[in-house]
Amino acid sequence: MKKFRMAIMAACIIVVAIPSCIFAGDKLHRMMHNNHDTLVIGEVVEVTDQLYTIKIHDTIVSDHDMYPDDPFEQLKPDIMKISRKDGEVFSSYRAAVGDFVLISADKVEGDLFKVAWGAYIVDSPNKQTLKILADAGTTESEKMDFAAIEYFVHSDGKSTEFVFDGTMRQLSVYEDDDHIEKKLIYDKSADKTYSLQSVDTFKAESKVLEEKERTEKRTRYWAWFSLSVSVIITWKIVRRNI
């Protein structure tokens, strides 16, 4: 009996120590293998109690299908409406007009869609550089998920196979089809590859930048206005003395 308990304990230790990979049932795997009607990057243009209305900037189509023999047709909508009646849509925050978002979605009817495998607020509509914004309660596991999603989007759907090491809090991506060569893309001890910004901080910094841009525009306007007035006055003086 003692040997049996020791065997069970050893088995548990081995299971915990083995890095976890994305399996077919995981939502990240489904998101990265076209198991939805569309994966979009968009901008929130209207918010009501019932709906988010999103203008689509770009779409991502994975190079790998969940069901190669019967792949989902990938839609490329211009406008998307997401229902809010079942609760908050986004993982980290309530989106506002002007926010950029990344959404895995299935079509319901017309412009109406529902979230399939995830909806995230991001810092820009540029799929080569975008970062998912996190709040103060984001866990280490969620940070690793975000890093994988970002890497997938940055690769335009080409990189889909990742290895999660929950013990070391590291994330790697396979760089070959044989799943031999790996590249480390997230490490908790460094946490520099994909530094995450809180939504509150990001929005505060955005407001500062917007105010700076408005001030610069006003300064340029008044400089141009003053120059124009000076030119007109000088021209009138010259004409009077001719």
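Guide: Let's start with one rule: two strands count as paired if DSSP finds at least two bridges between them. In this predicted model, β4 and strand β6 (residues 112-122) are joined by two bridges, and they run parallel.

Visitor: Which residue in β6 is the bridge partner of Lys81?

Guide: Leu112 is the partner of Lys81 in β6. Lys81 itself belongs to strand β4.

Visitor: Let me step back for the overall picture. How many helices and strands does the protein have?

Guide: The protein has four helices and nine strands. Reading from the N terminus, the order of elements is α-β-α-β-β-β-β-β-α-β-β-β-α. Of the 242 residues, 33% are buried. As for contacts between residues at least 6 apart in sequence, 60% of them join residues at least 24 apart.

Visitor: What do β2, β3, β4, β6 and β5 form?

Guide: They make a closed barrel of five strands, in the order β2-β3-β4-β6-β5, and the pairing is mixed. On average, neighbouring strands of this sheet are turned by 50 degrees against each other, if you ignore direction.

Visitor: How do I read the pairings of β2? How many bridges join β2 to β3, and are the two parallel or antiparallel?

Guide: Count the bridges, then check the direction. Seven bridges join β2 to β3, and the two strands run antiparallel. As an example, Val44 has Ile54 as its bridge partner in β3. The link from β2 to β3 is a hairpin through three residues. Now for β5: six bridges join β2 to β5, again in an antiparallel run, and here Val40 stands opposite Ile103.

Visitor: Let me pick a residue in β2. Is Thr38 buried or exposed?

Guide: For a question like that, look at the relative accessible area, with under 20% as the cut-off for buried. Thr38 has 1%, so it counts as buried. You'll find Thr38 in strand β2, which spans residues 38-47.

Visitor: Which residues does Thr38 touch, leaving out those up to four places away in sequence?

Guide: The list includes Thr59, Gln74, Leu75, Pro77 and Met80, and also Ile103, Ser104, Ala105 and Phe113. Look closely at Leu75: its backbone oxygen lies 2.9 Å from a polar atom of the Thr38 side chain.

Visitor: Back to Lys81. How exposed is Lys81?

Guide: Lys81 is partly exposed, because its relative accessibility is 26%. Beyond its neighbours within four places in sequence, Lys81 is in contact with Leu51, Tyr52, Thr53, Asp111, Leu112 and Phe113. Take Thr53 from that list: the side chains of Lys81 and Thr53 make a polar contact at 3.3 Å. For a C-alpha distance, try Lys81 and Val47, which are 34 residues apart along the chain and whose C-alpha atoms are separated by 9.8 Å.

Visitor: Next, aromatics. How many aromatic pairs does the structure hold?

Guide: There are four aromatic pairs. To read one, take the distance between ring centres and the angle between planes, where over 60 degrees counts as edge-to-face. For Tyr52 and Phe90, the centres are 5.2 Å apart and the planes are at 70 degrees, so this pair is edge-to-face. Tyr52 sits in strand β3 (residues 51-59) and Phe90 in the loop between β4 (79-83) and β5 (100-109), so the pair ties together parts 38 residues apart in sequence.

Visitor: Are these two rings on buried or exposed residues?

Guide: Tyr52 is buried, because its relative accessibility is 0%. Phe90 is buried as well, with a relative accessible area of 6%.

Visitor: Which of the other pairs could I read that way?

Guide: Try Tyr151 and Phe162: their ring centres are 6.2 Å apart and their planes at 90 degrees, so that pair is edge-to-face. Tyr151 lies in helix α3 (residues 140-154) and Phe162 in strand β7 (residues 162-165), so the pair ties together parts 11 residues apart in sequence. Tyr151 is buried, with a relative accessible area of 16%, and Phe162 is buried at 2%.

Visitor: One last thing. Which residue lies over the face of Tyr52?

Guide: That's Arg84, at 4.8 Å from the ring centre of Tyr52. So for Tyr52 you can inspect a buried residue, a ring paired edge-to-face with Phe90 and a contact of Lys81.

Methods: Residues numbered from 1 in each chain as written. Predicted model: local features only at pLDDT ≥ 70, side-chain atom pairs only at ≥ 80, totals over all residues. Heavy atoms only, no water. Buried < 20%, exposed > 50% of the residue type's maximum accessible area, 1.4 Å probe, protein only. Polar contact = N/O pair within 3.5 Å; in protein donor to acceptor, adjacent residues only side chain to side chain. Contact = heavy atoms within 4.5 Å. Phe/Tyr/Trp six-rings, centres within 6.5 Å; stacked < 30°, edge-to-face > 60°. Lys NZ or Arg CZ within 6 Å of the ring centre and 35° of its normal. Axes fitted to C-alpha atoms, helices over the stretch in contact; angles between N-to-C directions.
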